[in-house]
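Trainee: Could you take me through one part of this model closely, namely its aromatic pairing, and then say what else belongs beside it?

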Amino acid sequence: MIQVLWIYVICLTSSLIMAYMGQAAYLSQHHVIKNDYQIGFYISVPRCLLIAILAAFVGSQAIITGTFSIIKQGSLGCFPRVKIVHTNSKFHGQIYIPEINWILMTLCLAVTIGFRDTKRMGNASALYLSASFIKFLEGAWVPIALSLIFILVMYVWHYGTLKKYDFDVQNKVSVDWLLSLMICIHKTKLACD
């Protein structure tokens, strides 16, 4: 444990030192004190990086919210039951689903590592079915494959649920049979006494 903590401290310290050195180098070349009253950190960060961070934040929240909503609604019989943790008792709808969160992380890492190109990743996140077919070979096969996998899981789960229901209906015990069984047991008990 101490070794892991020590490595973490070393990596964190060296990363911070490198970041501060880079910021100091940028500010020493581009910052004019007489004309510029802005805070040095904010002018050293490129605007496109801020836009990319905001876009990633909005996109990830949209994916997480959409996925959790679909899974929560799909748990009405078309999808396997998953553990849903309500994170806030005051605000309805703030949920956490650990299994889905891990699946999303794994899929995001697989797509990022697999494509390694923002253009191909953009093709992989095609929003409409027609766009996915047009750019199928350029990476749009990913949402189609994931959709087919989820459709298969939902179909198999729904089929199994229907079969279980049919079995339960055919093998249910009627109330009349239970009452006759109780009367028979009661008569047998009285005959034995």
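Mentor: What follows looks at the aromatic pairing first and then turns to the cysteines and a surface patch. Please keep in mind throughout that this is a predicted model.

The count of aromatic pairs comes to 1. That pair is formed by Tyr155 and Tyr159, whose ring centres lie 6.4 Å apart and whose planes meet at 20°, so the pair is stacked, because planes under 30 degrees apart count as stacked. Both residues belong to helix 7, which covers residues 141–170, and since Tyr155 and Tyr159 are 4 residues apart there, about one helical turn separates them. As for their surroundings, Tyr155 has a relative accessible area of 56% and is therefore exposed, while Tyr159, with 45%, is partly exposed; the cut-off that divides these two descriptions is 50%.

Turning to the cysteines, the count of disulfides comes to 0. Cys108 has a relative accessible area of 42% and is partly exposed, and Cys184 is likewise partly exposed, with a value of 44%.

A further tyrosine leads to the surface patch. Tyr20 is found in helix 1, which runs over residues 2–30, and its relative accessibility of 54% means that Tyr20 counts as exposed. Tyr20 is also one of the residues in a nonpolar patch on the surface, where Leu5, Trp6, Tyr8, Val9, Ile10, Leu12 and Leu16 are the other members, and together the patch has about 860 Å² of accessible area.

Definitions and conventions
Residues numbered from 1 in each chain as written. Predicted model: local features only at pLDDT ≥ 70, side-chain atom pairs only at ≥ 80, totals over all residues. Heavy atoms only, no water. Patch = residues over 30% accessible without salt bridge, like charges linked within 9 Å, V, L, I, M, F, W, Y side chains within 5 Å. Areas by Shrake-Rupley, 256 points an atom, 1.4 Å probe, with all protein chains shown as cover. Salt bridge = Lys/Arg side-chain N within 4 Å of Asp/Glu carboxyl O. Helix = DSSP H or I, 4+ residues; strand = E, 2+ residues; numbered from the N terminus. Buried < 20%, exposed > 50% of the residue type's maximum accessible area, 1.4 Å probe, protein only. Disulfide = S-S within 2.5 Å. Phe/Tyr/Trp six-rings, centres within 6.5 Å; stacked < 30°, edge-to-face > 60°.
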